[in-house]
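User: Hello! I'd like to learn how to read a structure model, starting with the whole fold and ending with single residues. Could you walk me through one?

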Amino acid sequence: MDRSTVAALRHIQQMEKRISQQSTLVSELRRSGKDTGEAANRLVLLRNALEEMRIQLLGLLPTKEQDRLRASR
């Protein structure tokens with residue numbers, strides 16, 4: 001893989017990690033009876049940003065790497 005492909009994949013992995021952390025936070029807030037509104041909104045924004053990122057990056061990558069990213073969804 002070339003450097004730009006590796007960087008794109010790492011960035012997507014980082015966003016997936018952030019989404020996982022935010023999901024955990026929402027669950028913890030819900031269990032403790034606290035307001036989840038702001039955390040849930042942030043989670044939606046992160047998911048939307050990741051989807052947009054995937055769409056934008058797919059067009060920049062070679063076909064083989066595009067297939068790999070699509071499979072990671």
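Analyst: Happy to; we will go from the overall fold to the core and then to two residues. Please keep in mind that this is a predicted model.

User: Which elements make up the chain, and in what order do they run?

Analyst: A good first step is to list the elements. Here there are three helices and zero strands, and from the N terminus on they run α-α-α.

User: How spread out is the chain when set against a compact globule?

Analyst: The idea is to compare the radius of gyration with what the globule rule gives. For 73 residues the rule gives 11 Å, while this chain has 15 Å, well over that value, so the chain is more spread out than a compact globule. You can also look at the box filled by the C-alpha atoms, which is roughly 45 × 20 × 15 Å along the principal axes.

User: How much of the chain is buried, and what does its surface look like?

Analyst: Of the 73 residues, 30% count as buried. The accessible surface comes to about 5,300 Å², and carbon and sulfur atoms account for 49% of that. As for charge, the chain carries 14 positive and 9 negative charges, with mean positions 4 Å apart.

User: Which residues have the most contacts inside the largest nonpolar core?

Analyst: The general idea first: in soluble globular proteins, nonpolar side chains tend to be buried together. In this model the largest nonpolar core has 13 residues, and I12, M15, I19, L50, M53 and L57 have the most contacts inside it. Helix 1 (3–32) and helix 2 (37–58) are the elements that give two or more residues to this core.

User: Is Q22 buried or exposed, and which residues does it touch?

Analyst: For a single residue, check relative accessibility against the cut-off: under 20% means buried. Q22 has 9% relative accessibility, so Q22 counts as buried. Q22 sits in helix 1 and, leaving out residues up to four places away in sequence, touches A39, R42, L43 and L46.

User: And A8: where is it found, and how far apart in space are A8 and L61?

Analyst: A8 is also a helix 1 residue, and its 7% relative accessibility makes it buried. A8 and L61 are 53 residues apart in sequence but 8.8 Å apart in space, C-alpha to C-alpha. With residues up to four places away in sequence set aside, A8 touches L57 and L61. L57 is one of the core residues with the most contacts.

User: What share of the contacts in the chain join residues at least 24 apart?

Analyst: Counting contacts between residues at least 6 apart in sequence, 57% join residues at least 24 apart.

Notes
Residues are numbered from 1 along each chain as its sequence is written. This is a predicted model: local features need pLDDT of at least 70, side-chain atom pairs count only at pLDDT 80 or more; totals for chains, interfaces and linings use all residues. Side-chain values use heavy atoms; hydrogens and water are left out. A nonpolar core is a set of buried Ala, Val, Leu, Ile, Met, Phe, Trp, Tyr and Cys residues joined through side-chain atoms within 4.5 Å. Buried means under 20% relative accessible area, exposed over 50%, partly exposed in between (1.4 Å probe, protein chains only). Helices (H or I, at least four residues) and strands (E, at least two) are DSSP runs, numbered from the N terminus. The radius of gyration is taken over C-alpha atoms; the globule rule is 2.2 Å times the number of residues to the power 0.38. Contact means heavy atoms within 4.5 Å. Accessible areas come from the Shrake-Rupley method with a 1.4 Å probe; for residues, only the protein chains shown count as cover. Lys and Arg count as positive and Asp and Glu as negative; His and the chain ends are not counted. The place of a charge is taken as NZ of Lys, CZ of Arg, CG of Asp or CD of Glu.
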